[in-house]
Amino acid sequence: MALTASLLARDRGLIDIKIVHILSFYPVVFATPKPKSVVEMDDAYILPKWFRDYFNKKFLINEEMLENPYVCPLKASTLNGVGNVSLFTAQYDPLRDEGR
C-alpha cells in the first residue's frame, strides 16, 4: 500500500507530500505469471493458499484490476519520483519472489 500511496501522490501532484523512503515487508504486488515461490510453497504454513485466495477475492473485483498500476505497482510505466524502496522478504514465504 505504501508504494501505491506514493504513486498516487506523485501522479496527482501532491507536492506537500514527499515520500523519501518506503520500507516494505513481505510485499504483495500481484506479480503475474505466478512467481516460482508461490508454486513451490503453495500451501505453506505461514501463508497458505486458502488464506491468500480469501484476501485476493476481497481485494480484486476482477482480473482486469491486475493491469491497474495502483493495484499492481509493477505495471506502472515508471516508478521515478516515488522515493527509494527497500523490500524485505522471508526465505520460506510464498510471496518471496514478488519482492525481487
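1. Contact here means heavy atoms within 4.5 Å. On that basis leucine 23 touches Ser86 and Phe88, residues up to four places away in sequence not being counted. Leucine 23 belongs to strand S1, and its partner across the pairing is serine 86 in S2, which it stands opposite. The model is a predicted one, and the points below should be read accordingly.

2. Confidence. The mean pLDDT of the protein is 82, with 94% of its residues at 70 or more. Helix H1 (residues 2-11) has the highest confidence, at a mean of 89, and helix H2 (residues 36-40) the lowest, at 80. Where pLDDT is low, the predicted coordinates should not be read in detail.

3. Overall layout. The protein has 3 helices and 2 strands, and their order along the sequence is α-β-α-α-β. The C-alpha trace spans about 45 × 30 × 20 Å along its principal axes. Of the 100 residues in the protein, 33% are buried. Among contacts between residues at least 6 apart in sequence, 77% join residues at least 24 apart.

4. Strand pairing. S1 (residues 21-25) and S2 (residues 84-88) run parallel and are joined by 5 bridges. Side chains alternate along S1: Ile22 and Ser24 point to one face and are buried, whereas His21, Leu23 and Phe25 point to the other face and are not.

5. Serine 24 and leucine 23 compared. Serine 24 has a relative accessibility of 18%, and because the cut-off for buried is under 20%, it counts as buried. Leucine 23 has a relative accessibility of 53% and therefore counts as exposed, the threshold for that class being over 50%. With neighbours within four places in sequence left aside, serine 24 is in contact with Ser86, Leu87 and Phe88. For leucine 23, the corresponding contacts are Ser86 and Phe88. Leucine 23 and alanine 2 are 21 residues apart along the chain, and their C-alpha atoms are separated by 8.2 Å.

6. Salt bridges. A search of the whole structure finds 4; three are described here and in the next point, beginning with arginine 10 and aspartate 11. Their side chains meet at 2.8 Å, N to O. Arginine 10 is partly exposed, at 27% relative accessibility, and aspartate 11 is also partly exposed, with a relative accessible area of 42%.

7. Further salt bridges. The side chains of glutamate 40 and lysine 36 meet at 3.7 Å, N to O. These two residues are 4 apart in helix H2, so about one helical turn separates them. Glutamate 40 is partly exposed at 48%, while lysine 36 is exposed at 58%. Note that H2 is the helix with the lowest confidence, at a mean of 80. Lysine 75 and glutamate 67 form another salt bridge, at 3.6 Å, N to O. In that pair, lysine 75 is partly exposed, with a relative accessibility of 35%, and glutamate 67 is exposed, with a relative accessible area of 53%.

8. Second largest pocket. About 520 Å³ of space lies in this pocket. Its lining is made up of 22 residues, and those nearest its centre are Met1, Thr4, Val28, Val29 and Pro73. H1, S1 and S2 are the elements that give two or more residues to the lining.

9. The loop between H2 and H3. Aspartate 43 lies in this loop, with helix H3 covering 49-59. Aspartate 43 is exposed, with a relative accessible area of 63%. Not counting residues up to four places away in sequence, aspartate 43 touches Pro48 and Lys49. The C-alpha atoms of aspartate 43 and proline 94 are separated by 8.4 Å, the two residues being 51 apart along the chain.

Note on methods: Residues are numbered from 1 along each chain as its sequence is written. Side-chain values use heavy atoms; hydrogens and water are left out. Buried means under 20% relative accessible area, exposed over 50%, partly exposed in between (1.4 Å probe, protein chains only). Two strands pair if DSSP finds at least two bridges between them. pLDDT is the predictor's confidence in each residue, from 0 to 100. On a 1 Å grid over the protein atoms alone, a cavity is a set of points where a 1.4 Å probe fits but cannot get out, and a pocket is an open set with protein on both sides within 12 Å along at least five of seven lines; lining residues have an atom within 4 Å of a point. Grid points are joined across faces, edges and corners, and a volume is the space filled by probe spheres set on the points.
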